[in-house]
Each structure stands twice: as structure tokens, then as C-alpha cells.
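Q: Could you take a close look at the pockets in this protein and walk me through what sits around them? I'd like the helix packing covered along the way.

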Amino acid sequence: MSTQSSTQTGYAPVENGSLYYEVTGEGPALLFIHAGVADHTMWEPQVDFFSPTHKVITYDTRGFGISRTENTPFSNRQDIFDLLNHIGVDRATLIGNSRGGQIALDTALEFPVISSGLVWICGGVSGADFPPTEAEMAWFGRMEALWEAKDWDALSDYETLTWANGIGQPEDRAPAALRTKLREMIYSNNTRVDGEAEARVLDPPAAARIKELTIPTLVVVGDRDASSTIASADYLAAEVPQARKVVFENVAHMVSMEKPEDFNALLQDFLTNSGL
């Protein structure tokens with residue numbers, strides 16, 4: 001929780017579910033969307049840094065953290081629209097890591113009226129196909145086998161190795177505090193009990209309509225991330241009219257957690273130069 005400003009917490013009603021959220025500070029709104037191996041607490045360094053000048057919103061997406069869902073189809077994009085409406089925010093800069101990056105991109109395309117800027121961090125691009133290498137396929141195959149076996153301890157260790165350190169990287173490459181925090185979030189998500197929710201995909205997908213994206217866009221990627229993520233970043237940098245790409249050297253998937261000070265400085269520069 002931020003030490004800079006008081007934090008409002010609550011649950012926003014969404015279709016057959018509720019989203020836990022926290023709002024800290026006042027000013028232009030920033031909505032942070034966590035990775036699929038995390039929850040809203042991954043953004044704590046950003047809440048502390050940006051809440052003196054912005055309204056910082058973090059939340060647990062459906063199926064993660066302490067948000068709740070029934071057995072239902074749903075749209076992450078509609079969830080964001082409903083969340084912002086519940087809080088009383090008309091427009092926000094959408095900032096997402098990994099799965100959250102793809103959700104942010106898709107939401108900016110489906111709901112441009114609520115999207116003032118986009119920060120895509122180590123995410124994907126719906127509708128784009130960037131196949132993994134053979135070595136990565138074998139690596140992810142091991143992860144899938146652990147999931148099928150419901151070996152949550154081993155899976156949490158393996159996912160931490162994958163997303164904190166990077167595929168094929170030394171086990172201690174990333175800082176110990178990052179690895180500990182990430183494993184806690186991964187294990188909690190893997191073992192939580194909730195309804196089964198099936199996400200509706202964006203149709204047409206982002207790759208088929210990328211030129212529609214006209215808001216200021218920052219593309220961030222680590223050079224130790226998976227090849228498909230790096231290819232997605234290259235694609236966005238080439239195709240999005242107002243995109244700026246920044247590569248973090250010797251950093252893997254969790255850029256804002258591994259290099260919070262550098263990431264915050266980059267995001268502050270982007271927001272200032274974009275008038276956000």
C-alpha cells in the first residue's frame with residue numbers, strides 16, 4: 001500500500017462476478033493490469049511513485065487474487081469498462097504486463113473512449129502468431145505437464161524460474177526479492193478456489209485492426225524474455241502509428257518488478273511527454 005496517499009479499496013460489480021480494486025491519489029488516471037502470474041500487488045512500487053501526481057488504480061483481474069467469479073463466459077475488456085465506470089473514471093492510461101499487456105491492447109481497441117494512452121509490457125498481440133523456438137516449446141511442455149499433474153509447488157518454482165529469470169537463464173539471475181514475491185503470487189493463484197470463467201476473445205483480434213490504435217503507446221520488453229514476446233514488441237513498434245519501443249537489457253518478463261526505478265522513470269517520461 002502506498003505511503004504517499006490514502007487508498008480507497010472495494011469491489012466493483014461485473015458480469016457474474018466482482019473485481020477487487022485499490023485507488024490511490026488524485027489526477028489523471030493510470031490503470032495497472034497485472035501479469036497472469038501475479039496479482040494487483042505486483043504494482044506496489046508504481047503506486048508509491050505515481051500516486052502523488054495521478055489517480056493510480058490497481059485491481060485483481062477475474063480469476064486472480066481476491067476477485068471473484070461465477071462459472072461464466074466474460075470479457076476482460078468489459079470488466080475494465082465496468083470497473084472504471086464504478087470508480088467514476090472516464091479515461092485512463094492502460095498499463096499492462098504480460099497477459100495484462102494483451103488485455104490493455106485489446107481494451108484500447110474495443111473501448112477507445114476510455115483509453116487515453118497505452119503501455120504494453122512484455123505482452124502478446126491477439127491474432128498474431130509468433131511461434132516459440134523448439135527449446136522454448138520443450139520448456140513450456142514441462143510447465144504444462146506440471147499443471148496437468150496439479151503439482152503446485154513444482155509448478156510455482158518452475159514458473160518463477162521462467163518469468164523472473166528467463167528461459168534458460170541462471171536460476172539466480174533475477175533478484176531474490178523478486179523471485180520470492182513472484183512465487184508467492186503464482187502459488188496463491190494456482191491454488192485459489194473460485195468459479196470457472198472463460199474469457200471472450202477480441203473479434204476481430206488486435207492484429208487485424210492495429211492501425212486503429214492512435215493513442216500514445218509505449219512498448220516495453222526485456223531482452224531475456226521469450227522469443228515470441230520480443231517478436232510481439234517488434235511488431236507493435238513497427239505497426240502502431242505512435243509507438244515507442246524500449247528494451248531493458250538483461251531483464252526478463254517482469255520488467256517493472258525487476259527494475260522498478262528505471263521503469264518508473266521511463267513511464268514518467270512517457271506520461272509527461274504525452275500529456276497524460
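A: Let's start with the make-up of the second largest pocket: by class, its lining has four nonpolar, three polar and four charged residues. Keep in mind that this is a predicted model. The second largest pocket has a volume of about 190 Å³. Around it you'll find Asn76, Arg77, Arg99, Gln102, Ile103, Asp106, Ser126, Ala199, Arg200, Val201 and Leu202. Helix H2 (76-87) and H3 each supply at least two of these lining residues, and the largest share, four residues, comes from H3.

Now for how those two helices sit against each other. H2 and H3 pack at an angle of about 75 degrees, with their axes 9 Å apart. Angles of 65 to 115 degrees count as roughly perpendicular, and H2 and H3 are therefore roughly perpendicular to each other. On the H2 side the contact uses Asn76, Arg77 and Ile80, while H3 brings Arg99, Ile103, Asp106, Thr107 and Glu110. Sort the residues of this contact by class and you get two nonpolar, two polar and four charged. Several names come back here: Asn76, Arg77, Arg99, Ile103 and Asp106 take part in the helix contact and also line the second largest pocket.

Arg99 is a handy bridge to the largest pocket. That pocket has a volume of about 1200 Å³. It is lined by 36 residues, and those nearest its centre are Gly36, Val37, Phe64, Arg99 and Glu159. So where does the lining come from? Helix H3 (99-110), helix H4 (134-148), H5, H6 and strand E9 (197-199) each give at least two residues to it. By class, the lining of the largest pocket splits into 17 nonpolar, twelve polar and seven charged residues.

Glu159 is the one to follow next, into the packing of H4, H5 and H6. The axes of H4 and H5 come within 9 Å and cross at roughly 155 degrees. Anything over 145 degrees counts as roughly antiparallel, and H4 and H5 are therefore roughly antiparallel to each other. Their crossing is left-handed. From H4, the residues involved are Trp139, Phe140, Arg142, Met143, Leu146 and Trp147, and they meet Trp152, Ala154, Leu155, Tyr158, Glu159, Leu161, Thr162 and Trp163 in H5. The residues of this contact come out as eleven nonpolar, one polar and two charged.

On to the partner in H6. Helix H5 (residues 152-165) and helix H6 (residues 176-191) pack at an angle of about 135 degrees, with their axes 9 Å apart. That makes H5 oblique to H6. H5 passes H6 in a right-handed crossing. On the H5 side you have Trp152, Asp153, Leu155, Ser156, Asp157, Glu159, Thr160, Trp163, Ala164 and Asn165, and across from them in H6 are Leu178, Arg179, Leu182, Arg183, Ile186, Tyr187, Asn190 and Thr191. In this contact the residues divide into eight nonpolar, five polar and five charged. Glu159 meets H4, meets H6 and lies among the residues nearest the centre of the largest pocket. Trp152, Leu155 and Trp163 of H5 likewise turn up in the contact with H4 and in the one with H6.

Trp163 also takes us to an enclosed space. A search of the whole structure finds one cavity of 30 Å³ or more, with a volume of about 30 Å³. Its lining is made of Thr162, Trp163, Gly166, Ile167, Arg224, Asp225, Ala226, Ala252 and His253. By class that is four nonpolar, three polar and two charged residues. Thr162 and Trp163 line the cavity and are among the H5 residues that meet H4.

Last, a couple of backbone details to check while you have the model open. Strand E9 helps line the largest pocket, and the loop between E9 and strand E10 (217-222) holds Pro204. A cis peptide bond joins Asp203 and Pro204, with omega at about 0 degrees. The other one is Asn16, in the loop between strand E1 (7-14) and strand E2 (17-24). Phi of Asn16 is near 55 degrees, a positive value in a residue other than glycine.

Terms used:
Residues numbered from 1 in each chain as written. Predicted model: local features only at pLDDT ≥ 70, side-chain atom pairs only at ≥ 80, totals over all residues. Heavy atoms only, no water. Axes fitted to C-alpha atoms, helices over the stretch in contact; angles between N-to-C directions. Parallel < 35°, antiparallel > 145°, perpendicular 65-115°, else oblique. Left-handed = near helix turned anticlockwise from the far one by under 90°. Contact = heavy atoms within 4.5 Å. Nonpolar A, V, L, I, M, F, W, Y, C, P; charged D, E, K, R; others polar. 1 Å grid on protein atoms, 1.4 Å probe; cavity = no way out; pocket = protein on both sides within 12 Å on 5 of 7 lines; lining within 4 Å. Points joined across faces, edges and corners; volume = space filled by probe spheres on them.
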